[in-house]
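Let's take a walk through this model, starting from one side chain and working outwards to the sheet around it.

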Amino acid sequence: MENVHILTQRVSGRGDFLPFSAEHTPNNETTATHELVAELQTSLVIEDVLAIYAKFAKKLLNFTGLQFQSTLGTAQTSESDTNSTPYIFDLTIGREHLGQLIYFSKYPLGKAIESKLRSLHSALVYPLRNAMMYSRVLKLATKDSLTGLNNRSQFNDILSQKLENCRRYQRPFSLMLLDLDNFKQVNDKFGHKIGDDTLKEFATVLNSSIRATDTVFRFGGDEFAILIEDPEFKTNQVVSERIMQFVKQSSLMSKHEVTVSIGYTLAMSNDCDIEIFSRADKGLYKAKASGRNCAKAY
């Protein structure tokens, strides 16, 4: 988003900085608010909603960054500079607290500007809440509720997309399947609470073992998968060894003698999802048959 530089004047008696047009065209404020509402309703993506809002808010305050912090995390406009002074506003609808909207600005925020921003917030809150609801629904549809990893449905979609890219654009990748060894005895001996803690610990291990271009999934139980954005067997070996080392270093997993078996394969341009999955599964079977706690290619 381009920076918008606004000439300002000091309004005598109040000490507020306002755009030159702010006092001369008050009748345009209602029209601008209607335009803002209309544009905000064009997206259900939180970052897009913030970007649209920022375009209008910058007519009042020349801020360097805009953030929204909520239970969903922190979202911000692109190229936000958060090194300036933060001005924090709580966004609510009735008794429902949505989160905090934070402006970062090198300029002071006077009462007049604050009042005008709060007026814009009334147009922002409902589209923002809709975007938050959409984000929660999307997360429920694509994420594993226990570990926060992508689920099997998301795996199917991403695998199909990667296979298509492999066929059309020669973008090879790898598929890795992982099973926890001795996990059943953890549930049987110590209960599902310890079993769930073990699964969450392993999810942390996997996220710590991959690169930003790779994607981790949980299918259910103790079955996991990783799509690796690399066609080399060596990369799979490095990732596998890193995972097994982290599992060994985990006090929780070592305490219950939980290890991991891994199978992996490289995608081919003529693969379908069944073929590549079958090969990775055969690699996993080889690892199990070789005494477990190892990685095998197929």
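**From a buried serine to a five-stranded sheet**

A good place to start is Ser240, which touches Met176, Ile262, Tyr264 and Ala295, leaving aside residues up to four places away in sequence. Keep in mind that this is a predicted model. Ser240 itself sits in helix H8, residues 233–249. Is Ser240 buried or exposed? Its relative accessibility is 1%, and since anything under 20% counts as buried, Ser240 is buried.

Now for the sheet. It is an open one, with five strands in the order E8-E9-E7-E10-E11 and mixed pairing. At the edges you'll find strand E8 (215–220) and strand E11 (295–297), each pairing on one side only. Going from one strand to the next, the twist averages 20°.

Start at the E11 end. Strand E10 (residues 259–266) pairs with E11 in the parallel sense, over three bridges. Tyr264, one of the residues Ser240 touches, stands opposite Ala297 in E11.

Two helices pack on this sheet. Helix H5 (residues 152–169) touches strand E7 (174–181), E8 and strand E9 (223–228), and its direction makes about 135° with that of E8. Helix H10 (residues 273–289) touches E7, E8, E10 and E11, with its direction at about 145° to that of E10.

That brings us to E7. Which strands does E7 pair with, and in what sense? E7 runs antiparallel to E9, joined to it by six bridges, and Leu178 stands opposite Phe224 in E9. E7 also runs antiparallel to E10, this time with eight bridges; here Leu177 has Gly263 in E10 as its bridge partner.

How many of E7's residues are buried? Eight of its eight. In a regular strand, side chains alternate between the two faces of the sheet. In E7, Ser174, Met176, Leu178 and Leu180 are on one side, while Leu175, Leu177, Asp179 and Asp181 are on the other, and all of them are buried, leaving both faces covered. Met176 also takes us back to the start, as one of the residues that Ser240 touches.

One last stop, at a loop. Thr77 lies between strand E4 (73–76) and strand E5 (85–93). Despite the loop setting, Thr77 is buried, with a relative accessible area of 6%. What does its side chain contact? The side chain of Thr77 makes a polar contact with the side chain of Ser80, at 2.7 Å.

Conventions:
Residues are numbered from 1 along each chain as its sequence is written. This is a predicted model: local features need pLDDT of at least 70, side-chain atom pairs count only at pLDDT 80 or more; totals for chains, interfaces and linings use all residues. Side-chain values use heavy atoms; hydrogens and water are left out. Helices (H or I, at least four residues) and strands (E, at least two) are DSSP runs, numbered from the N terminus. Buried means under 20% relative accessible area, exposed over 50%, partly exposed in between (1.4 Å probe, protein chains only). A polar contact is a pair of N or O atoms within 3.5 Å; within protein, one must be able to donate a hydrogen and the other to accept it, and residues adjacent in sequence count only if both atoms are side-chain atoms. Contact means heavy atoms within 4.5 Å. Two strands pair if DSSP finds at least two bridges between them. Axes are lines fitted to C-alpha atoms, for helices over the stretch in contact, and angles run from 0 to 180 degrees between N-to-C directions.
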